[in-house]
Amino acid sequence: MFLLLFSLARPGLALFNKLLDCRFANLYTAGTSWCTLMVVMLMTQNPSTETDVRIQILNSFLTTPHRKLEELAPLHTSALERDPLFYGHLAPWYFEKLLFVAHLATSEYPEFREAAWMLLQQLAPYEVARALDHTKKVIGKTPRSLKGAIVHYLKTREGNIRQFDGAALRARNDLKHLYASLRIKPDPRAQAILFDENPPEDSPLYALKRLAKAESAEEQASVILEQRIPYTTAVGALKQITPVVLVALITAMSPQEVINNMASLQKRGALDHAEVKALIDQKLAAATTDQRVSTMKAKKAIQAAQLDSETEQKLTEITDQRVAAKVEIKRPTALFVDKSGSMSQAIEIAKQLASLISAVTSAAFYVYAFDTAAFEIKVKVPAGQRAALSDWEKAFQFIKANGGTSLGVAAAQMLKNKIYTEQWIFVTDEGENTAPYLVNAWKEYCEKIQVAPSIIIVQVGGSNERFAQGLQAQGVELTRYQFSGDGYSIVNVLPLLAAPSKSELVELIMGYALPERPKVTV
């Protein structure tokens, strides 16, 4: 019996361990649905179907539209129905948990609802509000367990005055929505702040009123520092912002807030004042080691504002260092970017991918742009240093979209130069129209280099099913992603490249345990 279970559980050692735990439990009690679920999944799973579902879920990393959660509901619903075991482990592994909370909270499995209860406590108020709305408007049900989780969420914050006041200052409407939608009675302080428009004198919202009435810059700065009023909230209450006020605002900001508001700070003259700029530089220096700083938002800040070269370099360094802290790619990798006509977006995506990959690889890394010919793209950096994002920007500056498409031409050039790689990532619309074709180039490369590279395709602007079927028919380990998001999601490609294989990435995800609520001791 154990040998059979072990054979069935080979897709995940963590799953086998969990199953053994269930083996010694009373399988006839009401609390055994998790064990039963795993037994059913093990005995009914089809490797091909399982792989398809899991790739679809991973594909959502690149296709999540910001603020269009309803478009991903069918994917989550289907994945939860077809592979609940994998979906349950994916939820705590994935960095964006909002949709997972909504779908786990409405699941038929008690263990999933318990996990949603725990994961919800980690969300920001606006995320909790969006998760609640998603269950009501899209999924169509809001179970009592979800309401209980939100009640606990709100009461925990009511019990911590500083935490509640900070949340009310940044997300007042979202908190009001949660209380009102679920008819949760607020405590007296929450009632006064959110509904009576009469905040206590020790609250930041009362201080915001003082800020709007303050006449001197010194008084304004004092209020900002005393209550740590957020930048976006403060600037909305002030008619004029002086250097003194800017110093107070930046002092109260986190490194991420400084990055997010770089264009606004520049517009208000913050980079033109030596003392203020020095303070910004200090925040940017702290951002390189701050784990809360978003990898790609520094890049977005560069694009949003016309910054001086020194500040732009600091933001570039933040991106490079944050990327390098994420994963390590140990397999020789080649990045191929389609520069044929209408592929301008592919070139922009490839710039970001090149900078991300080069920052975390400890193996050989090659970059080629191609149309009907291949052009290797190299960056020049001192020995022992990694190429920075700015270096890749310069290397790509002369690459323009034009010409036909030969997806195999870069592989043929690597074969000619006897370059060994184990994985290829293409940024393309899959519309090849000129030889050498990829399927032929891949076969010849495998025969002569004695390696079978896996292929990841980031689809930009279109797809070609016949092209993909041809690759799979030759035994190519193929992963395809329809990229319809923005630069924030590009970083999620890295774990796929860092994993030696797709099965090992699944193993990594399966190793994440479902969070459980603490047991209440009587």
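This report covers the overall make-up, two helices, one cavity and some backbone features of a predicted model.

**Overall make-up**

The protein has 522 residues, and 51% of them count as buried. Its secondary structure comprises 28 helices and six strands. Contacts often link distant parts of the sequence. Of those between residues at least 6 apart, 72% join residues at least 24 apart. The accessible surface comes to about 24900 Å². Carbon and sulfur atoms account for 51% of that surface.

**Helix α22 and Ala354**

Helix α22 runs over residues 344-360. Its 17 residues should span 24 Å at 1.5 Å a residue, and its end C-alpha atoms lie 25 Å apart, which agrees. The helix is mostly covered, with 14 of its 17 residues buried.

Ala354 belongs to α22. Is Ala354 buried or exposed? Its relative accessible area is 0%, under the 20% cut-off, so Ala354 is buried. Beyond its neighbours within four places in sequence, Ala354 is in contact with Leu335, Phe365, Val367, Trp392 and Phe396. Ala388 is 34 residues from Ala354 in sequence. In space, the C-alpha atoms of Ala354 and Ala388 are 9.5 Å apart.

**Helix α10 and the second largest cavity**

Helix α10 has 15 residues. It reaches 21 Å from its first C-alpha to its last, close to the 21 Å expected at 1.5 Å a residue. The buried residues in α10 are Leu146, Ala149, Ile150, Tyr153, Leu154, Arg157 and Glu158. Their cover includes α7 (98-105), α8, α9 (125-139), α11 (161-182) and α12 (188-195).

Two of these buried α10 residues, Leu146 and Ala149, also line a cavity. The structure holds three cavities of 30 Å³ or more. The second largest has a volume of about 40 Å³. Which residues line the second largest cavity? They are Ala105, Arg113, Ala116, Trp117, Leu120, Ser145, Leu146 and Ala149. The elements giving two or more residues to this lining are α8 (110-120) and α10 (144-158). Helix α8 supplies the largest share, four residues. By type, the lining divides into six nonpolar residues, one polar and one charged.

**His76**

His76 sits in helix α5, residues 73-82. With a relative accessible area of 5%, His76 is buried. Leaving out residues up to four places away in sequence, His76 touches Tyr87, Leu99, Phe100 and His103.

**Backbone features**

Most residues other than glycine have a negative phi, and most peptide bonds are trans. Two residues and one peptide bond are worth checking against that background.

Glu430 and Gln450 are not glycines, yet each has a positive phi. The table sets out their values.

| Residue | Phi | Location | Relative accessibility |
|---|---|---|---|
| Glu430 | about 65 degrees | loop between β4 and α25 | 0%, buried |
| Gln450 | about 65 degrees | loop between α25 and β5 (454-459) | 65%, exposed |

Why does Gln450 count as exposed? Its relative accessibility is 65%, and exposed means over 50%. Glu430, at 0%, counts as buried.

The loop that holds Glu430 also contains Pro436. This loop lies between β4 (423-428) and α25 (438-449). The peptide bond from Ala435 to Pro436 is cis, with omega near 0 degrees.

Key
Residues numbered from 1 in each chain as written. Predicted model: local features only at pLDDT ≥ 70, side-chain atom pairs only at ≥ 80, totals over all residues. Heavy atoms only, no water. Expected span 1.5 Å × (residues − 1). Buried < 20%, exposed > 50% of the residue type's maximum accessible area, 1.4 Å probe, protein only. 1 Å grid on protein atoms, 1.4 Å probe; cavity = no way out; pocket = protein on both sides within 12 Å on 5 of 7 lines; lining within 4 Å. Points joined across faces, edges and corners; volume = space filled by probe spheres on them. Nonpolar A, V, L, I, M, F, W, Y, C, P; charged D, E, K, R; others polar. Contact = heavy atoms within 4.5 Å. Areas by Shrake-Rupley, 256 points an atom, 1.4 Å probe, with all protein chains shown as cover.
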